[in-house]
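Reader: I would like a close look at a single part of this model, followed outward into its surroundings. Please take your time and keep the account connected.

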Amino acid sequence: VIALLLLLVPTDTSVKSVAEARTESFAHAGAQVTTQQSAGDLEAGARVEADAFDDRESSARLERMWLAFPLGAVSLTLGDVHAQLGRGLALSLKPVAGVGVDVALRGVQAKLAFDDVDVLTMVGLANPANLDPLTLAPLSDPNDAIAGVEAVLHGRGVNVGVLSSAVLPRERILDDEQDGTVTAGAFFDASLGDLGFALEADAQQKRLAGAFQPGAAVSTSARYDIGPVSFVADALWLSGFEVKGSRNDALAIRFDYGRAPSLERTDVQSVPSGDLAGARVTALLPWGLEASAMTTLTEAKTIVDADVVAHQSFGALGVGVRDEGLRRMVRVDGEGMLELGRGFALTSTLKTQLWNDHVLGTAVVGAQNGTAAIAIETGIDTEHSREQYFLAAIASLNVGPATLRAVGGSQRGGFRCAGGVCREVPAFTGLRLEVDARF
Amino acid sequence: MIAAFALALALSASPSTTARTVDGAQIKSSDLKGKVTVVAFWATWCAPCLKELPTLSGLPAETRVLAVAVDDASTASRIPSFAKRLAVTFPIIHDASGELRNKLAPGSDVPFTVVIDKRGRIAWTHAGYREGDGAALASVVRALQAEP
């Protein structure tokens with residue numbers, strides 16, 4: 001029905017396609033077409049993906065489909081939805097493009113919006129994209145059952161809410177015992193002029209292999225503006241808290257349907273879910289300066305991290321230090337753009353991590369005008385006693401509604417973090433062509 | 001059958017979907033029709049976004065501007081401070097769930113700008129921000145405003 005609706009009058013369609021040949025591994029060509037159609041308050045959409053490989057079976061999939069419409073005071077969505085409850089600890093089904101996270105809930109979502117109260121409910125099955133975008137490994141649907149509800153009371157700059165989520169993994173630890181996690185919590189946030197405060201506290205009961213295990217979490221942030229200076233303090237406490245599903249067969253770890261706000265600011269392996277207590281204080285200063293200090297305590301180690309960043313109109317430069325007890329790191333990160341006039345500019349990006357026993361780094365230098373860009377990317381990775389150097393050429397061109405991008409050479413992999421999610425990204429060697437277009 | 005049922009529901013006088021600004025105001029999707037709307041996706045950690053936001057105040061009169069912050073909970077508390085520093089006067093929505101971004105700018109990095117025409121349709125999108133992009137955006141808006 002959705003496909004039929006979309007075929008009738010497709011008004012917004014985006015196409016992402018890629019063709020790549022990876023040295024020492026495989027060749028791949030893929031396309032992702034997303035189309036949405038709306039008529040009045042009715043909206044329908046679908047995303048189709050197709051991938052062809054030279055060393056394995058090709059596939060085409062209807063990855064996403066949804067139909068949204070109002071029903072009285074309720075906004076209903078049938079099909080695939082992305083959603084989050086509160087600050088995301090109890091349930092966060094939110095796509096994070098940079099690290100290839102794309103899990104939707106395939107089911108029913110209902111939103112009730114009154115003047116002062118919003119209510120969100122959802123129930124369905126976890127539906128990840130069936131090809132891991134970073135490793136291109138096939139990923140089967142876990143079909144974990146997920147339900148969530150949230151109610152928020154809105155005042156003038158103040159929101160108070162309660163939430164609850166339940167996850168029943170399809171894959172069981174013991175065949176005759178249903179595992180599951182039920183979480184309930186409350187949150188509060190206020191933004192009153194120069195002051196801001198946010199807090200979420202959750203408690204959970206997990207049933208794993210027939211045994212009950214409690215968990216608890218608290219996440220809080222506070223902000224205070226004093227003239228041109230702002231102070232922001234964040235804290236996180238987790239005790240046996242996790243919202244896990246079945247095994248992700250592409251990454252060989254369990255799906256994580258909750259996402260605690262990260263205190264980390266860099267691409268450093270964050271502490272896995274488990275017991276931790278941490279805090280971060282940030283001062284936003286005049287002249288684009290920002291200073292931040294963080295400490296996290298876990299059973300395994302104590303982490304102390306501090307950095308200073310200067311943001312200017314032509315770019316930013318940051319310097320940081322980190323101590324994890326057994327290892328230490330100094331980092332320098334920066335990005336810059338030098339406008340040359342007539343739309344031409346020189347660009348540069350630098351990311352370095354100088355650990356006591358290895359070095360990770362990427363530097364990109366390029367030039368661009370309004371429609372085209374070229375760049376050279378170099379990288380170094382000496383972790384685990386290996387010594388690897390990377391060199392790639394990158395070019396992009398805007399043609400009407402399309403952007404063409406070509407990458408040739410080798411690019412450093414390693415740990416990458418985005419939106420509070422961190423994962424290992426494989427290095428790339430070969431040639432890749434990408435076309436993104438929207439009609 | 002389902003489509004006919006859904007269509008009938010859509011045509012009935014029902015409230016539209018809503019979003020909340022960071023100061024608690026409610027914005028209905030039906031409010032977005034009748035005026036050209038510029039939706040700017042940004043984040044407090046995105047340097048080009050912080051350059052772009054102040055320029056949006058200079059768009060032609062009668063342009064509705066919405067800034068959608070995509071910060072997750074680990075940096076969301078900074079949004080009001082940054083809005084104040086950048087002297088942003090237009091409404092800011094915090095897209096905590098990623099729902100708006102997924103709908104209007106799927107898979108895109110920030111900054112990402114979407115222009116919606118008077119009939120509520122996506123008319124133009126642009127990724128990134130460089131000096132001079134503001135002029136191109138203004139001319140797109142003027143052309144859409146001239147449409148009936």
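Author: A good place to begin is A:Thr181, which, once its neighbours within four places in sequence are left aside, is in contact with A:Ser165, A:Ala166, A:Val167, A:Gln204, A:Gln205, A:Lys206 and A:Glu242. The model is a predicted one, and what follows should be read with that in mind. A:Thr181 belongs to strand 12 of chain A, which covers residues 180–192, and with a relative accessible area of 5% this threonine counts as buried, because the cut-off for that word is under 20%.

One of the contacts of A:Thr181 is A:Glu242, and this glutamate leads on to a charged pair. A:Glu242 forms a salt bridge with A:Arg254, in which the closest N and O atoms are 3.9 Å apart. A:Arg254 sits in strand 17 (residues 253–256) of chain A, whereas A:Glu242 sits in the loop between strand 15 (229–239) and strand 16 (244–248), so the pair ties together parts that are 12 residues apart in sequence. The two partners fall into separate classes of accessibility: A:Glu242 counts as buried at 19%, while A:Arg254, with a relative accessible area of 32%, is partly exposed.

Strand 13 of chain A, residues 195–208, includes A:Leu199. This leucine has 31% relative accessibility and therefore counts as partly exposed. Together with A:Leu153, A:Val160, A:Phe188 and A:Phe197, A:Leu199 makes a nonpolar surface patch of about 390 Å².

From here the account can widen to the charged pairs of the whole model, which holds 32 salt bridges over all chains. In one of them the side chains of A:Glu20 and A:Arg432 meet at 3.9 Å, N to O. A:Glu20 lies in strand 1 (residues 12–22) of chain A and A:Arg432 in strand 30 (residues 428–438), so this salt bridge ties together parts that are 412 residues apart in sequence. Both ends of the pair are buried, A:Glu20 at 7% relative accessibility and A:Arg432 with a relative accessible area of 14%.

Another salt bridge joins A:Asp307 to A:Arg331, with the closest N and O atoms 3.1 Å apart. Here A:Asp307 comes from strand 20 (residues 302–312) and A:Arg331 from strand 22 of chain A, so the parts tied together are 24 residues apart in sequence. A:Asp307 counts as buried at 12% relative accessibility, and A:Arg331 counts as buried at 2%. These two residues also belong to one network, in which salt bridges that share partners join A:Glu264, A:Lys301, A:Asp305, A:Asp307, A:Arg322, A:Glu324, A:Arg327 and A:Arg331.

Strand 22 of chain A, residues 328–341, also leads to the second chain, for the buried residues of helix 2 of chain B pack against this strand, together with strand 3 (37–42), strand 4 (64–69), helix 3 (79–85) and strand 6 (112–116) of chain B. Helix 2 of chain B covers residues 47–55, and its buried residues include B:Ala47, B:Cys49, B:Leu50, B:Glu52 and B:Leu53.

The contact between the chains takes 45 residues from chain B and 66 residues from chain A. About 4400 Å² of area is buried between them, with carbon and sulfur atoms giving 49% of that figure. The interface has 5 salt bridges, and in a salt bridge between the two chains the side chains of A:Lys111 and B:Glu99 meet at 2.7 Å, N to O. Between chain B and chain A there are 15 residue pairs in polar contact. On the chain B side, at least two residues each are supplied by helix 1 (2–11), strand 1 (18–20), helix 2, helix 3, helix 4 (99–104) and strand 7 (122–127).

Chain B itself has 5 helices and 7 strands, which follow the pattern α-β-β-β-α-β-α-β-α-β-β-α along the sequence. Of its 148 residues, 51% count as buried. Among contacts in chain B between residues at least 6 apart in sequence, 67% join residues at least 24 apart. The accessible surface of chain B comes to about 6300 Å², and 60% of this belongs to carbon and sulfur atoms.

How values were computed: Residues numbered from 1 in each chain as written. Chains lettered and ligands numbered in written order. Predicted model: local features only at pLDDT ≥ 70, side-chain atom pairs only at ≥ 80, totals over all residues. Heavy atoms only, no water. Patch = residues over 30% accessible without salt bridge, like charges linked within 9 Å, V, L, I, M, F, W, Y side chains within 5 Å. Areas by Shrake-Rupley, 256 points an atom, 1.4 Å probe, with all protein chains shown as cover. Salt bridge = Lys/Arg side-chain N within 4 Å of Asp/Glu carboxyl O. Helix = DSSP H or I, 4+ residues; strand = E, 2+ residues; numbered from the N terminus. Buried < 20%, exposed > 50% of the residue type's maximum accessible area, 1.4 Å probe, protein only. Contact = heavy atoms within 4.5 Å. Buried area = accessible area lost by both parts, 1.4 Å probe. Polar contact = N/O pair within 3.5 Å; in protein donor to acceptor, adjacent residues only side chain to side chain.
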